[in-house]
Amino acid sequence: MTKKEEQEAKRKKKLEAELERVEQMCQYEKEYAFAEYICGIDEVGRGPLAGPVTACAVILPKDCRILYVNDSKKLSEKKRELLYAEIMEKAVSVGIGIVSNGVIDEINILQATYEAMRQAIGKLTVTPEILLNDAVTIPEVSIQQVPIIKGDAKSMSIAAASIVAKVTRDHLMEDMDKLYPFYHFAKNKGYGTKEHMEALQKLGPCPIHRRTFIKNFL
């Protein structure tokens, strides 16, 4: 076998493995295939010291297979951006929910996360019959919910939602970096990195910091 043939065989083997992995990620979508619209929901931004919590609801077409879709935390920034574009192009509908740091301070992060998820569902252009959620059951939602532990690594729809939520929030934090450059939000996305903590202690909080999250650091 020539080197070129070896490389082609390896490439083919990797592609087959990826196709198999993606098929496995559609297990819940297949289980609930009786529903016309199945929606995956996920959130990002529960842990940062600054910025909003962001949720996304994604309805993909039946039998949709997007290679390399996975839990957003397992993907590079470049890969997330590419997949974001593909998901937005192929999705039947996408809803985004964003709850600000001020509301997080008022009602707590868990309730703010639920609110972001309800907003995301409310912005869909079609109504799903099934919600596949990453580990949670959202209060005040009448649609049937299926909470899946580590759902963003087990469901194509939830993984797609995790990618769109992550890219959306990252872009917001990059915009915030232009307004408040000393905190390095473009780099840390509001998480408590060493340089973020140093800036916080030196300059104090800016308008997008979560006061209930930083009270012990000041």
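Is Glu-23 buried, exposed or partly exposed? Keep that in mind and select Glu-23: its relative accessibility is 31%, so it counts as partly exposed. The model on screen is predicted.

**Stop 1: the Glu-23 salt bridge**

Stay on Glu-23 and add Arg-65. The two form a salt bridge, with their closest N and O atoms 3.0 Å apart. This pair ties together distant parts of the chain. Glu-23 sits in helix α1, while Arg-65 sits in the loop between β2 (53-59) and α3 (77-90). The two are 42 residues apart. Arg-65 has a relative accessible area of 30%, so it too is partly exposed. Now add Lys-30. Glu-23, Lys-30 and Arg-65 are linked in a network of salt bridges.

**Stop 2: along helix α1**

Select Glu-8 and Arg-11. Their side chains meet in a salt bridge, 2.7 Å from N to O. Both residues lie in helix α1 (residues 3-24). They are three residues apart there, so about one helical turn separates them. Arg-11 is partly exposed, at 45% relative accessibility. Glu-8 is partly exposed as well, with a relative accessible area of 40%.

Next, select residues 5-32. The unreviewed UniProt entry annotates this stretch as "coiled-coil region". In the model, the stretch is 89% helix and 0% strand. Its end C-alpha atoms are 41 Å apart.

**Stop 3: a pair in helix α5**

Move to Glu-115 and Arg-118. They form a salt bridge, with the closest N and O atoms 3.3 Å apart. They are three residues apart in helix α5 (residues 109-122), so about one helical turn lies between them. Glu-115 is partly exposed, at 29% relative accessibility. How many salt bridges does a search of the whole structure find? The count is 14.

**Stop 4: the annotated binding site**

Select Asp-42, Glu-43 and Asp-134. The unreviewed UniProt entry covers these residues with the annotation "binding site". They span 93 residues in sequence, yet no two of their C-alpha atoms are more than 8.3 Å apart, so they gather at one spot. Show the largest pocket: its lining includes Asp-42, Glu-43 and Asp-134.

Take Glu-43 by itself. Its place is in strand β1 (residues 38-44). Its relative accessibility is 19%, under the 20% cut-off, so Glu-43 counts as buried. Leaving out residues up to four places away in sequence, Glu-43 touches Val-53, Thr-54, Ala-55, Thr-113 and Met-117.

Then centre on Asp-134. This residue is found in strand β4 (residues 130-134). At 15% relative accessibility, Asp-134 counts as buried. Which residues is Asp-134 in contact with, leaving aside its neighbours within four places in sequence? Display Ile-41, Asp-42, Ile-148, Lys-150, Gly-151, Asp-152 and Ile-158. Asp-42, another residue under the "binding site" annotation, is thus one of the contacts of Asp-134.

**Stop 5: the nonpolar cores**

In soluble globular proteins, nonpolar side chains tend to be buried together. Here, the largest nonpolar core has 22 residues. Select Val-58, Leu-60, Ile-66, Val-69 and Ile-87, the residues with the most contacts inside it. The elements that give two or more residues to this core are β2, α3 and α6 (156-179). Helix α6 gives the most, with eight residues.

Zoom in on Ile-66. Setting aside neighbours within four places in sequence, Ile-66 is in contact with Val-22, Leu-60, Leu-83, Glu-86, Ile-87, Lys-90 and Met-156. Two of the core residues with the most contacts, Leu-60 and Ile-87, are in that set of contacts of Ile-66.

Another core lies apart from this one. It has 20 residues, among them Cys-39, Met-117, Val-136 and Ile-138. Met-117 also came up at the previous stop, as a residue that Glu-43 touches.

**Stop 6: the cavity**

Finish with the empty space. How many cavities of 30 Å³ or more are counted? The count comes to one. About 40 Å³ of space lies in the largest cavity. To find it, select its lining: Glu-77, Arg-80, Glu-81, Val-167, Asp-170 and Glu-174. Helices α3 and α6 each supply at least two residues of that lining. Both elements also give two or more residues to the largest nonpolar core.

Note on methods
Residues are numbered from 1 along each chain as its sequence is written. This is a predicted model: local features need pLDDT of at least 70, side-chain atom pairs count only at pLDDT 80 or more; totals for chains, interfaces and linings use all residues. Side-chain values use heavy atoms; hydrogens and water are left out. UniProt positions are given in the numbering used here, feature names are shortened, and annotations may be inferred rather than shown by experiment. On a 1 Å grid over the protein atoms alone, a cavity is a set of points where a 1.4 Å probe fits but cannot get out, and a pocket is an open set with protein on both sides within 12 Å along at least five of seven lines; lining residues have an atom within 4 Å of a point. Helices (H or I, at least four residues) and strands (E, at least two) are DSSP runs, numbered from the N terminus. Buried means under 20% relative accessible area, exposed over 50%, partly exposed in between (1.4 Å probe, protein chains only). Contact means heavy atoms within 4.5 Å. A salt bridge is a side-chain nitrogen of Lys or Arg within 4 Å of a carboxyl oxygen of Asp or Glu. A nonpolar core is a set of buried Ala, Val, Leu, Ile, Met, Phe, Trp, Tyr and Cys residues joined through side-chain atoms within 4.5 Å. Grid points are joined across faces, edges and corners, and a volume is the space filled by probe spheres set on the points.
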